[in-house]
Amino acid sequence: NDVSIADASAFSAFNSKVLLDSCNSLGRSQQTGESFDQDVKIIENEVGVTTQYTGLPSSRRRHNLTLRGAGRHAVWQLRQLIHFLRGRQTSFYLSSFSKDIIAKADLISGGNTMLIEHVGYTKFVKTRQPRNIIRVTFTDGSAPVIRTITGSSEVDASTETLTLDGTWSQTYPLATIRAIQYLEEVRLDSDRVTLEHAPGAR
């Protein structure tokens, strides 16, 4: 019990925290399981008006995360990650695993903006967490780029501009952009983690 195997060095990092950017591997019987939970307290003494309230300003988004280790070494790294996170104690960053934003123009070297399809970001999101950090992946082998959105504006009915916290180190043609995903700081909702060993896996 005095020996710690906690280690997250095998995984990506962002803001000094673990970044899980690999695929979310769902089993044959699993679904994404996304839900929006809201803790509601009800006061009911069977006399008078029932009172209910919540201490949360908005619902909490919850979804399943399944990580798959191909081989004994990868499984060992996952065990080390589980010990590193210590259940619900340590938060980490997680990709949305989807195409959340669609770019409409090349990302120009030295620039700090991104032209995107109009999704109501300026009107509704307003750079608020957890929709203010994006991860851009590419099809040409370029390393993914993470940026924080610091501002936005509407260009017209079909276009918005995002202002980012850093410039592009090179020009990325529109055709090479694979996906623009949100990154969200999350934590496990339970201290219990299930490890399943598939038959025949090595």
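A residue counts as buried when its relative accessible area is under 20%. This term is needed at once in the predicted model shown above, for in strand 7 (residues 92–95) Phe92 and Leu94 point one way, Tyr93 and Ser95 point the other way, and all are buried. A general rule lies behind this arrangement: in a regular strand the side chains alternate between the two faces of the sheet.

Strand 7 belongs to an open sheet that is formed by eight strands in the order 1-2-7-12-9-10-11-8, with mixed pairing. Strand 1 (12–14) and strand 8 stand at the edges of this sheet; each has a single partner strand, so one side of each is left without a neighbour in the sheet. From one strand to the next, the twist averages 40 degrees.

The sheet may now be followed inward from strand 1. In general, strands of a sheet pair through backbone hydrogen bonds, either parallel or antiparallel. Strand 1 and strand 2 (residues 17–20) run antiparallel and are joined by three bridges. Among the residues paired here, Ser12 has Leu19 of strand 2 as its bridge partner, and Phe14 has Lys17. The two strands form a hairpin with two residues between them, and in this hairpin Asn15 takes a positive phi near 55 degrees.

The next step leads from strand 2 to strand 7, which run parallel and are joined by two bridges. Leu19 has Tyr93 as its bridge partner in strand 7, while Leu20 stands opposite Leu94. Leu19 can thus be found in two pairings, with Ser12 and with Tyr93. Beyond this, four bridges join strand 7 to strand 12, and these two strands run antiparallel. Here Ser95 stands opposite Leu183 in strand 12.

What lies among the buried nonpolar side chains? The largest nonpolar core has 18 residues, of which Leu107, Met114, Ile134, Val136, Leu162, Trp168 and Ile180 touch the most other members. Strand 8 (113–117), strand 9, strand 10 (145–156), strand 11 and strand 12 are the elements that give two or more residues to this core. Apart from this core lies another, of eight residues, among them Ala8, Val18, Leu20 and Phe92. Ile180, a member of the largest core, offers a detailed view of its surroundings: leaving aside residues up to four places away in sequence, Ile180 touches Ser98, Lys99, Asp100, Ile101, Ala103, Met114, Ile134, Arg135 and Val136.

Attention now turns to the aromatic rings. A pair of such rings is described by the distance of the centres and the angle of the planes. The structure holds three aromatic pairs. One of them is formed by Phe138 and Tyr172, which are stacked, at 4.2 Å centre to centre and with 15 degrees between the planes. This pair links distant parts of the chain, since Phe138 lies in strand 9 (residues 133–138) and Tyr172 in the loop between strand 11 (159–164) and strand 12 (177–186), 34 residues apart. Phe138 has a relative accessible area of 5% and is therefore buried; Tyr172, at 4%, is buried as well. Tyr172 also pairs with Trp168 in an edge-to-face manner, with 6.1 Å from centre to centre and 80 degrees between the planes. Both Trp168 and Tyr172 are buried. Phe138, Trp168 and Tyr172 thus form one aromatic cluster.

Tyr172 is also in contact with Ser142. The place of Ser142 is in the loop between strand 9 and strand 10. Not counting residues up to four places away in sequence, Ser142 touches Gln170 and Tyr172. The side chain of Ser142 makes a polar contact with the side chain of Asp140, at 2.9 Å.

Finally, several features of the backbone deserve notice. In the loop between helix 2 (121–125) and strand 9 lies Pro130, which is joined to Gln129 by a cis peptide bond with omega of about 0 degrees. The loop between helix 2 and strand 9 also holds Thr127, whose phi is near 60 degrees, a positive value in a residue other than glycine. Thr127 has a relative accessible area of 23% and is partly exposed. Arg86, found in the loop between helix 1 (72–85) and strand 7, likewise has a positive phi, of about 55 degrees, although Arg86 is not a glycine. At 47% relative accessibility, Arg86 counts as partly exposed.

Definitions and conventions
Residues are numbered from 1 along each chain as its sequence is written. This is a predicted model: local features need pLDDT of at least 70, side-chain atom pairs count only at pLDDT 80 or more; totals for chains, interfaces and linings use all residues. Side-chain values use heavy atoms; hydrogens and water are left out. Rings of Phe, Tyr and Trp (its six-membered ring) pair if their centres lie within 6.5 Å; planes under 30 degrees apart count as stacked, over 60 as edge-to-face and the rest as tilted. Buried means under 20% relative accessible area, exposed over 50%, partly exposed in between (1.4 Å probe, protein chains only). A nonpolar core is a set of buried Ala, Val, Leu, Ile, Met, Phe, Trp, Tyr and Cys residues joined through side-chain atoms within 4.5 Å. Contact means heavy atoms within 4.5 Å. A polar contact is a pair of N or O atoms within 3.5 Å; within protein, one must be able to donate a hydrogen and the other to accept it, and residues adjacent in sequence count only if both atoms are side-chain atoms. Two strands pair if DSSP finds at least two bridges between them. Axes are lines fitted to C-alpha atoms, for helices over the stretch in contact, and angles run from 0 to 180 degrees between N-to-C directions.
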